[in-house]
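Subject: Structure handover

Hi,

Here is the structure I promised to pass on. Please open it alongside this note and follow along.

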Amino acid sequence: MTFLDLVQRTIDILDVVDRDDEEMVKAVKNAINVAYMTIARDKYRPEKCETVRVVDGKIAIDKLSECYVSLKTVQSVGGMRIAAWESVNNIHISPSYYQVNVFYYYLPKALEGDFDVPVIPASAVDPYAYIYYAASYYFSVKRKHAEAAVWDSRYKNLTDNIKEVRSSFTLPVKRWQ
């Protein structure tokens with residue numbers, strides 16, 4: 001479902017009289033992006049694999065192409081798993097590697113263009129989760145709390161079954177000196 005589809009279906013739910021009100025459309029787009037980021041941060045983190053260069057046993061996090069959230073795993077180019085640990089600005093591995101594959105979770109970019117599509121697959125997160133969250137958020141901002149509660153419960157019904165990503169369940173790794 002495209003960003004335009006998400007916006008139009010949310011406006012349909014809101015039952016707005018003036019569908020061309022720019023402020024209302026902007027608020028709905030903002031609400032959908034809040035929903036998108038909330039789900040990407042809390043429920044279903046998208047993951048990416050990049051082949052990166054290692055310098056002195058360090059991989060600079062700010063050199064990765066996406067907005068880094070947490071490390072999933074590091075593998076050699078041949079596919080062998082490598083022990084790694086994170087610091088504030090780097091991922092640390094053995095200095096004997098020159099190039100590795102880094103698998104990490106990231107926060108996607110906000111939806112902006114009408115034909116942008118969420119990177120989270122519809123098979124993992126029903127697109128109506130964004131719509132229901134946006135409706136709840138919109139009604140909450142408008143101080144219509146009863147309506148907001150209805151749409152919030154529908155959002156929670158859709159997202160309660162999403163398997164949450166837990167990246168903090170890792171065993172400690174021995175660090176090199």
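Below is what was found, helix by helix and then residue by residue. Please keep in mind that this is a predicted model.

**Helix α3**

Start with α3, which covers residues 128-141. This helix has 14 residues. From its first C-alpha to its last it reaches 20 Å, close to the 20 Å expected at 1.5 Å a residue.

How much of α3 is buried? The count is 10 of its 14 residues, so the helix is largely enclosed by the rest of the structure. Four tyrosines are easy to pick out in that buried set: Tyr130, Tyr132, Tyr133 and Tyr138. The others are Ala129, Ile131, Ala134, Ala135, Ser136 and Phe139.

Which helices do these buried residues pack against? They are α1 (3-14), α2 (22-42) and α4 (145-159).

**α3 with α4**

The axes of α3 and α4 are 8 Å apart, and the two helices pack at an angle of about 160 degrees. An angle over 145 degrees counts as roughly antiparallel, so α3 is roughly antiparallel to α4. The crossing is left-handed.

On the α3 side, the contact is made by Tyr128, Ala129, Tyr132, Tyr133, Ala135, Ser136, Phe139 and Ser140. On the α4 side, they meet His145, Glu147, Ala148, Trp151, Asp152, Arg154, Tyr155, Leu158 and Thr159. By class, that gives 10 nonpolar, 4 polar and 3 charged residues.

**α3 with α1**

Next, look at α1 against α3. Their axes come within 9 Å and cross at roughly 50 degrees. That angle makes α1 oblique to α3. This crossing is right-handed.

α1 contributes Leu6, Arg9, Thr10, Ile13 and Leu14 to the contact. α3 contributes Tyr128, Tyr130, Ile131, Tyr132, Ala134, Ala135, Tyr138 and Phe139. The residues divide into 11 nonpolar, 1 polar and 1 charged.

**α1 with α2**

α1 also packs with α2, at an angle of about 115 degrees and with the axes 10 Å apart. α1 is therefore roughly perpendicular to α2. The crossing is right-handed.

Here Phe3, Leu6, Val7, Thr10, Ile11 and Leu14 of α1 meet Met24, Val25, Val28, Lys29, Ile32 and Asn33 of α2. The contact has 9 nonpolar, 2 polar and 1 charged residues. Leu6, Thr10 and Leu14 of α1 appear in this contact and in the one with α3.

**Two residues with positive phi**

Most residues other than glycine have a negative phi. Two residues are worth a look on that score.

Arg143 follows α3 and is found in the loop between α3 and α4. Its phi is positive, about 60 degrees, although Arg143 is not a glycine. Is Arg143 buried or exposed? Arg143 is exposed, with a relative accessible area of 70%.

Asp56 lies in the loop between β1 (47-53) and β2. Its phi is near 55 degrees, again a positive value in a residue other than glycine. Asp56 is exposed, at a relative accessible area of 69%.

**Glu66 and Leu107**

Where is Glu66? Find it in the loop between β2 (58-60) and β3 (67-76). Its relative accessible area is 19%. The cut-off for buried is under 20%, so Glu66 counts as buried. Leaving aside neighbours within four places in sequence, Glu66 is in contact with Lys48, Glu50, Tyr104, Tyr106 and Lys109.

Leu107 sits in strand β7, residues 99-107. Leu107 is partly exposed, with a relative accessible area of 25%. Which residues does Leu107 contact, leaving aside its neighbours within four places in sequence? They are Met37, Ala40, Arg41, Cys67 and Val69. The C-alpha atoms of Leu107 and Glu50 are separated by 15 Å, and the two residues are 57 apart along the chain.

**To recap**

Helix α3 is largely enclosed, with 10 of 14 residues buried. Its buried residues pack against α1, α2 and α4. Arg143 and Asp56 have positive phi values. Glu66 is buried, while Leu107 is partly exposed.

Best wishes

How values were computed:
Residues are numbered from 1 along each chain as its sequence is written. This is a predicted model: local features need pLDDT of at least 70, side-chain atom pairs count only at pLDDT 80 or more; totals for chains, interfaces and linings use all residues. Side-chain values use heavy atoms; hydrogens and water are left out. The expected span of a helix is 1.5 Å times one less than its number of residues. Buried means under 20% relative accessible area, exposed over 50%, partly exposed in between (1.4 Å probe, protein chains only). Contact means heavy atoms within 4.5 Å. Axes are lines fitted to C-alpha atoms, for helices over the stretch in contact, and angles run from 0 to 180 degrees between N-to-C directions. Angles under 35 degrees count as roughly parallel, over 145 as roughly antiparallel, 65 to 115 as roughly perpendicular and the rest as oblique. A crossing is left-handed if the near helix is turned anticlockwise from the far one by less than a right angle, and right-handed if clockwise. Ala, Val, Leu, Ile, Met, Phe, Trp, Tyr, Cys and Pro count as nonpolar, Asp, Glu, Lys and Arg as charged, and the others, Gly among them, as polar.
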